[in-house]
Amino acid sequence: MSESPATGPAPAIGPASATGSDGIALYVHVPFCLSKCPYCDFNTYQGIEAQFGDYRAAVTAEISAWSRTLAHPAVNTIFLGGGTPSYLPDGDVARILDAIAAGFAVRPNAEITAECNPNDLTPARCANLHAAGVNRVSIGVQSMDNGLLALLGRRHDAAEAAAALQSCRRAGFNNINLDLMYGLPQQTPAQWHDTIERVTALSPEHLSLYALTLEDGTPLRRWVTDGRLPEPNPDLAADMYDHARAALSNAGYHHYEISNWCRPGRESQHNLAYWRNRQWLGVGPGAHSSLANCRFWTTRSPRDYARQATAWRQQAAAAGRWATVSAERLTAVPTVDGLEVIGSDTAAAETMFLALRLLDGMDLTAASNQAGVNLAHRYQTELSELLSDGLLVRAADGRLRLAEAAYLVANQVFTRFL
Ligand code: SF4
């Protein structure tokens, strides 16, 4: 990006914006991957590089349309995810961030994250991303065991993952997340312990650890169903999680969300907006958004999305600024493929289970004010049962927290609010 969104001329913001003055989190979905990993069911594609140009034009058109209709909303964080943003041709991330800076009021010092694959992170690519305004990278390392990386269909090995992080450091990045996976078929505790030891030696600011889920329709699920790979062992996965908690604590990491650890002050600001049930706008094919009381998503097909984004920009130019966000207006947006109006029951339940993912818990009174409903009253029975079952705890400061024993069965707690 020629000029950082943090310092470039910012359009006026304030209550005049249709999303209010608190600002939004902005997600940009990038649907390209060099190759499709056998465990992945995200809306991403290999072999569609011929659409790079159409995608860039479409996503900047969509950004321009939202900028106009939402009246230059304030943006607190930007997250380029996918897919593989680091796989985009040089200059495209800068062009997308330029379009965002031109159309939105990006807050000074906004966290701007790009998801990256290690094999893309050459010194030149790292320098380009940094110069474009990206100030946080999230690297899909997954494992430091080369055999498991091959099983996962990853294009990199452990040495390349370590080199990628060093290239990011040399380019000036001081906020780096590494994604890891555990509970893999054939994964031994020793392999996991070694991975944790080697990634902590790299000293990233943030770590996200995800247990493998065998998603329907993926090759990995088929290989397990066919008996070509053993079923992942949930008890082993639980032991791996416990080991990571202890080892990362010893290494000075703060466990702040069920699956996330960080150095002090390095929480993912973008993900905090999700967990705090704030407003977010997603652009790009298959991206999800949550504005006002509406949850909506765009067309998944990159080709259809590209056509619709152009139509959306033309429509927005004619429609001008919206006074408010409403289901009626959103349904008429060409890129919107589906929409759900969030009623008060769903909003209350989501407030509970998103906030409880954060391990410092929730202030029920503040959350009630945000959700517009007395949560202590609404969930009186559930809260009392979960407290007496030892799955929730009431801390000395009055906050409600997930008990440590519930970290691995958090979904069972959350479903009680649905
Ligand atoms: S690189 Fe990431 S998004 Fe792409 S296929 Fe692999 S896991 Fe999915």
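**Exercise 1. How do the residues of the shell around the ligand divide into nonpolar, polar and charged?**

Before starting, note that this is a predicted model, where local features need pLDDT of at least 70, side-chain atom pairs count only at pLDDT 80 or more, and totals for chains, interfaces and linings use all residues. Numbering runs from 1 along each chain as its sequence is written.

*Solution.*
- Step 1: list the residues around the ligand (C-beta atom, placed from the backbone, within 6 Å of it). They are Cys33, Lys36, Cys37, Cys40, Phe42, Thr44, Gly82, Gly83, Thr84, Asn117 and Gly140.
- Step 2: sort them, with Ala, Val, Leu, Ile, Met, Phe, Trp, Tyr, Cys and Pro as nonpolar, Asp, Glu, Lys and Arg as charged, and the others, Gly among them, as polar.
- Step 3: the shell splits into four nonpolar, six polar and one charged.

**Exercise 2. Find which helix gives the most to the largest nonpolar core.**

*Solution.*
- Step 1: such a core joins buried Ala, Val, Leu, Ile, Met, Phe, Trp, Tyr and Cys residues through C-beta atoms within 7 Å; buried means 20 or more other C-beta atoms within 10 Å of a residue's own, all placed from the backbone.
- Step 2: the largest core has 107 residues, and Leu26 and Val75 are among those with the most contacts inside it.
- Step 3: helix H1 (residues 52–69; a DSSP run of H or I, at least four residues, numbered from the N terminus) gives the most, seven residues.

**Exercise 3. How far apart are the centres of domain 1 and domain 2?**

*Solution.*
- Step 1: the chain is divided into domain 1 (24–275) and domain 2 (345–415), with bounds from an automatic or database domain assignment.
- Step 2: over C-alpha atoms, their centres are 28 Å apart.

Technical notes:
Near = placed C-beta within 6 Å. Buried ≥ 20, exposed ≤ 12 C-beta atoms within 10 Å, placed from the backbone. Helix = DSSP H or I, 4+ residues; strand = E, 2+ residues; numbered from the N terminus.
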